[in-house]
Amino acid sequence: MVLSFTIQTKNGISWHCERQGTGPHIVLIPSGEGDCGSFSEVARLLASSFTVTTFDMPGMSRTTAPTSCTKSVTGQLLASQIVVLLDALSIDAATFYGSSSAAIAALALAAYHPDRVRNIVIHEAPLIHFRSLKFLCALPDLALVPACQYVFGHVMNENHAAWKALGPEFHARLEKNYVLWAREYARSIPNLRLTDEEYRQRPITWTIGSLTPGNTFASNLEVGRRIGIKVELLYCKHFPQVSIPETLAEHIERAALKQ
């Protein structure tokens with residue numbers, strides 16, 4: 001059974017959270033769309049062996065936040081906010097999963113708050129600025145929302161039917177999230193700069209999508225080679241939690257049980 005609740009943290013954020021299952025903690029961090037509804041199937045599959053917690057991101061969907069908490073969002077900022085939430089939820093340490101901007105948040109958690117992290121499982125971390133996003137993020141709001149609906153649903157995701165099946169309420173919530181992502185995430189999230197020592201603070205299981213075009217995430221491979229981590233392939237694009245939830249749940253479970 002999924003327990004949905006709201007919890008207020010000392011930084012003024014009112015978090016929409018969802019929790020299910022029992023066992024070691026796994027925390028699923030939403031990516032740029034900001035809504036934990038994308039984890040519904042993955043969380044259900046993991047809940048047979050783990051306590052699975054997820055949430056909407058600050059200022060997105062059902063989580064409200066002061067404006068100061070959603071300006072020029074970085075991995076460091078997200079990590080610090082998540083740590084405050086962990087304190088409120090009495091989670092000492094967890095396995096964290098995230099793709100895209102959530103992968104950056106997970107890397108920052110492992111680097112700057114290693115005592116709260118058993119290990120991280122990440123997919124396609126945007127370690128560099130993508131020129132293709134500059135045009136998208138410069139669009140006015142009325143044009144930005146339909147453009148993001150297409151990019152998130154078709155370009156970043158190979159299974160449009162699964163994306164659509166998340167439901168009309170989910171997609172209605174994303175309309176404001178797209179604007180916040182474009183204005184306050186897309187430019188600043190790739191600014192994470194970690195040393196090799198910081199990358200090695202906690203165990204990392206790292207993947208990119210075999211269906212993602214060309215060398216989009218070559219930077220992930222380069223960092224993996226440099227720090228001695230094999231970056232593996234998942235048969236997907238940017239959002240495996242939506243397009244291949246069964247495969248992703250098995251992947252996260254294997255990574256969590258190794259620790």
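Here is a quick tour of this predicted model, from the overall fold down to a few single residues.

**The whole chain**

Let's start with the big picture. The chain is built from 11 helices and eight strands. Its radius of gyration is 17 Å, close to the 18 Å that the globule rule gives for 259 residues, so the chain is as compact as a globular protein of that length. If you lay the C-alpha trace along its principal axes, it spans about 45 × 40 × 35 Å.

A good part of the chain is tucked away: 58% of the 259 residues count as buried. Take the contacts between residues at least 6 apart in sequence, and 76% of them join residues at least 24 apart. As for the outside, the accessible surface comes to about 11,000 Å², and 55% of that belongs to carbon and sulfur atoms. The chain carries 23 positive and 22 negative charges, and the mean positions of the two sets are 4 Å apart.

**Aromatic pairs**

Now for the rings. The structure holds nine aromatic pairs. One of them is Phe39 with Tyr97: the ring centres are 6.0 Å apart and the planes sit at 85 degrees, which makes the pair edge-to-face, because planes over 60 degrees apart count that way. Phe39 is in the loop between β3 (25-28) and α1 (40-46), while Tyr97 is in strand β5 (residues 94-99), so the pair ties together parts that are 58 residues apart in sequence. Phe39 is buried, with a relative accessible area of 0%, and Tyr97 is buried too, at 1%.

Phe152 and Phe239 make another pair, with ring centres 5.8 Å apart and planes at 25 degrees, so this one is stacked. Here helix α5 (residues 141-155) supplies Phe152, and the loop between β8 (232-234) and α10 (240-243) supplies Phe239, so the pair ties together parts 87 residues apart in sequence. Both Phe152 and Phe239 are buried. They also belong to a wider cluster, in which ring pairs link Phe152, Trp163, Phe170, Tyr178, Trp181 and Phe239.

**Helix α9 and strand β7**

Helix α9 covers residues 218-227, and its buried residues are Ala218, Ser219, Asn220, Val223, Gly224 and Ile227. In a helix of this kind, what should we expect of the spacing? An α-helix has 3.6 residues a turn, so residues three or four places apart point the same way. The buried residues of α9 pack against α8 (196-199) and β7. Right after α9 comes Gly228, whose phi is positive, near 80 degrees.

Strand β7 (residues 204-209) is also home to Thr205. Thr205 is buried, with a relative accessible area of 14%. Leaving out residues up to four places away in sequence, Thr205 touches Ile120, Val121, Ile122, His251, Ala255 and Lys258.

**Two unusual backbone angles**

Most residues other than glycine have a negative phi, and most peptide bonds are trans. Ser61 and Glu124 go the other way on phi, as the table shows.

| Residue | Phi | Place | Relative accessibility |
|---|---|---|---|
| Ser61 | about 50 degrees | loop between β4 (51-55) and α2 (75-89) | 10% |
| Glu124 | near 50 degrees | loop between β6 (117-123) and α4 (131-137) | 0% |

Are these two residues buried or exposed? Buried means under 20% relative accessible area, so Ser61 at 10% counts as buried, and so does Glu124 at 0%.

Methods:
Residues numbered from 1 in each chain as written. Predicted model: local features only at pLDDT ≥ 70, side-chain atom pairs only at ≥ 80, totals over all residues. Heavy atoms only, no water. Helix = DSSP H or I, 4+ residues; strand = E, 2+ residues; numbered from the N terminus. Buried < 20%, exposed > 50% of the residue type's maximum accessible area, 1.4 Å probe, protein only. Contact = heavy atoms within 4.5 Å. Rg over C-alpha atoms; globule rule 2.2 N^0.38 Å. Areas by Shrake-Rupley, 256 points an atom, 1.4 Å probe, with all protein chains shown as cover. Lys, Arg positive; Asp, Glu negative; His and termini not counted. Charge placed at Lys NZ, Arg CZ, Asp CG, Glu CD. Phe/Tyr/Trp six-rings, centres within 6.5 Å; stacked < 30°, edge-to-face > 60°.
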